[in-house]
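Thank you all for coming; please bring up the sequence and the model on your screens. I will go through a few places one after another, and you can follow along by finding each one yourselves.

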Amino acid sequence: MENIRIQDDLYQAVNGKWLETAVIPKDRPTTGGFETLDQNVEKLLMSDFKQFVQGTKTTDVPTIEQAIKLYKKVIDEQQRNKDGIAPIMPLLNKIKSIKTVEELNKSAKELLLNQALLPINITVEADMKNATKNSLNLYGPNTILPDTTYYHPDNQTGKQLLEVYKNMVQQVLDFTDLSAEEKQQFIQDTLTYDALIAQKVKSQLEWADYVNNYNPFTTAEVSNYLQPFDFIGLLKDFYGENIPQEIIVADPKAIKEMSFYFNKDNLTLYTHWAYVKTLLSHTSQLSIQLATLGGLYRRTLLGIECDSPLDKQAYRVVSSFFSQPIGIYYGRTYFGEESKKDITELVNKILTTWKKRVSRNTFLQQQTKDKALLKLSTINLKLGYPDDVRDIYKKFIINDEDNYYQAVNKINQIYTNYEFEKLNKPVDKSEWLMPAHMVNACYDPSRNDITFPAAILQKPFYSIEQTVSENLGGIGAVISHEISHAFDNNGAHFDEFGNLSDWWTEKDYQNFKDLTKSMIEQWDGIEFAGGKVNGELVVSENIADNGGMAVTIELMHTLDSCNFQEYFINWARIWCIKATEQYMQFLLNNDVHSPAKLRANIQVRNFKEWYEAFDVKETDQMYIPEDKRIIIW
């Protein structure tokens, strides 16, 4: 391999040797960084679950015994193959039998509880303008392709993916009792209905503007848009006469044009679409052959070679449905109190540094600074793992006589009812949005909290064995990144209580918008993976990376012994990734995060410490002029 100078390509210089030999697992689209840690956690917990099943290992974490029962149903290949497609046929026949909107209205709650596809999606979430109460949120349907842009006549990738989808559906429908003519009609109608949906729903770029998802409508207005679908009747089926009088509509265009989906001609398109999409969403719970066929489109989209072994699939299923108890088991078993104490101290140091930087900020007036400082002072920290399993998991009882599909369906029904019941309860701000065994982190603007699961608190992100400089370039920058989301182009609209609120002065917010525009321009159009970065799509994450680095670099200067070379090298190391070409293109087009290599290489150029650490000069490729460098926070 050519010897890459760090001054010309930090990412390649740090990760090049690893990239030469790294092998992407056949059942994943990527490896490296976050993914490698996730693979290690998965391997560890898979081993534990095998021992649980064998009875050679036990745990006192509540509900794990039910997860073990579900695990056994997933790996029971003989029983699943014997059941075949039969478990879901009653639901599919129910959908197929719907010939009028009146029949759909009578069946809507039953369909929703059984995870059949309605042309609307309903969730209960914290109200953006009053984060202490929950509100009912309404979304339009999802498209087959990842984004509306894939439906452009010139998008060849979209056309190719739809052909793969058609082939997959054809093979899956061969297991049903549909006639040959019906199968072709169902496929064509599904694609026709999907094309109609794509004309009416938001693009990924539009979804990235989080604040614009808050559009309050009266329930009567929403009901009128959805006619002849009986939306109020569906609400009464869940809430009796005490239905909410206001609905938060995330995608107004999709909802305002919803009645179009239910005219005489399109109702048939809907039922055929719902039949196909519902079947595909459940193939993983049917026979092994159906599960494999049902994953064909996803594997093609992401460049995945094959399905995971059955025991790994089983672990992933229980890890999904019993995420919190399994996370608590992981945290109690593998996360040390010493690490939790150390990471808590680091978070508090980062918050203190954040406050110092805001206090001397030059583009904010004092009243805006005061509100920003208040928001920082009230951020809630969720580090490691929660203390107790939420009560909802204790309702997940796996019956011996149920097949795999039935067991999962009952859990889904319990959880759906639980979600609807939250509407009349206050927001539970103690709830963790990520389980402890997840290798990730997040900031929630409605709760004004940051969550750092135990699984991410390991090398190369963090270790008590690494230097402080390495830890600051790893987990430190990630922690500060999440705090920065409180002040990115979305988080900036929320106050210290998690409420949507204009707490900025008009002048200050305009200054911030100007800086945001500069960040968009710095990234927009960078060529990568056969395409170009959309600076507007990724701006919130880039603001967070920029803030994460600015604050931890300042903290570095307070250390008795700091090493900026170690800092920047570990920053590049945590973003190391090797992925399939399809996955890289998918992320480029749909992810609000910039490509990992660019995250490693672009942000560092904004900071003078980068140039000083490696003596980077104008003639080096990792150099940009001072007037092009951007530091927002």
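The lining of the largest cavity in this predicted model is made up of R80, D83, G84, P87, Q285, L286, S287, N403, Y404 and Y405. Two elements, α4 (77-83) and α20 (404-421), give two or more residues to that lining. How much space lies in the largest cavity? The figure is about 40 Å³, and the count of cavities of 30 Å³ or more comes to 1. As a general remark for those new to this, rolling a probe the size of a water molecule over the atoms shows where empty space is left.

Let me turn to the nonpolar cores. The largest of them has 120 residues, and within it L70, I475, F568 and W633 touch the most other members. Helix α23, residues 539-556, supplies the largest share of this core, namely 8 residues. Another core lies apart from it, with 74 residues that include L91, L113, M258 and L286. You have already met L286, since it is also one of the residues lining the largest cavity.

What does W633 touch, if we leave aside its neighbours within four places in sequence? Its contacts are W354, R357, N361, F363, L364, F487, W504, F512, I543, N546, G547 and A550. I543 appears again when we look at T516, a residue of helix α22 (506-523), because T516 touches N489, V539, I543 and I632, once residues up to four places away in sequence are not counted. Is T516 buried or exposed? With a relative accessibility of 8%, T516 counts as buried, as the cut-off for that word is under 20%.

Now to the sheets. One of them is open and has 4 strands in the order β2-β3-β5-β4, with mixed pairing. At its edges stand β2 (121-127) and β4 (216-218), and each has a single partner strand, so one side of each is left without a neighbour in the sheet. On average, and ignoring direction, neighbouring strands here are turned by 40° against each other. Between β2 and β3, which run antiparallel, there are 7 bridges, and the bridge partner of D127 in β3 is N130.

Strand β3, residues 130-139, also holds K133, which counts as partly exposed because its relative accessibility is 35%. Beyond its neighbours within four places in sequence, K133 is in contact with E125, A126, D127 and V427. Although K133 and K425 are 292 residues apart in sequence, their C-alpha atoms are 7.1 Å apart in space.

Across β3, β4 and β5 (246-249) lies helix α10, running at about 80° to β4. This helix, residues 219-226, contains Y225, which at 23% relative accessibility counts as partly exposed. Not counting neighbours within four places in sequence, Y225 has contacts with F217, I255, K256, M258 and S259. M258 is also among the members of the 74-residue core. From Y225 to E257 there are 32 residues in sequence, and 6.8 Å in space from C-alpha to C-alpha.

There is also an open sheet of 3 strands, with the order β6-β8-β7 and mixed pairing. Its edge strands, β6 (380-384) and β7 (442-444), each pair on one side only, and the twist from one strand to the next averages 15°. Strand β7 is joined by 3 bridges to β8 (residues 449-453), and the two run antiparallel; C442 stands opposite T451 in β8. Helix α18, residues 337-359, packs on this sheet, where it touches β6 and β8, and its direction makes about 150° with that of β6.

I will end with the backbone. Most residues other than glycine have a negative phi, and most peptide bonds are trans. N448, in the loop between β7 and β8, has a positive phi of about 50° although it is not a glycine, and with a relative accessible area of 0% N448 is buried. D615, in the segment after α27 (608-613), likewise has a positive phi, near 50°, but D615 is partly exposed, with a relative accessible area of 46%.

Which peptide bonds are cis? One joins Q227 and P228, with omega of about 10°, and P228 sits in the loop between α10 and α11 (231-239). Another runs from K459 to P460, with omega near 0°, and P460 lies in the loop between β8 and α21 (468-484).

Methods
Residues numbered from 1 in each chain as written. Predicted model: local features only at pLDDT ≥ 70, side-chain atom pairs only at ≥ 80, totals over all residues. Heavy atoms only, no water. Core = buried A, V, L, I, M, F, W, Y, C linked by side-chain atoms within 4.5 Å. Buried < 20%, exposed > 50% of the residue type's maximum accessible area, 1.4 Å probe, protein only. Contact = heavy atoms within 4.5 Å. Pairing = 2+ DSSP bridges. Axes fitted to C-alpha atoms, helices over the stretch in contact; angles between N-to-C directions. 1 Å grid on protein atoms, 1.4 Å probe; cavity = no way out; pocket = protein on both sides within 12 Å on 5 of 7 lines; lining within 4 Å. Points joined across faces, edges and corners; volume = space filled by probe spheres on them.
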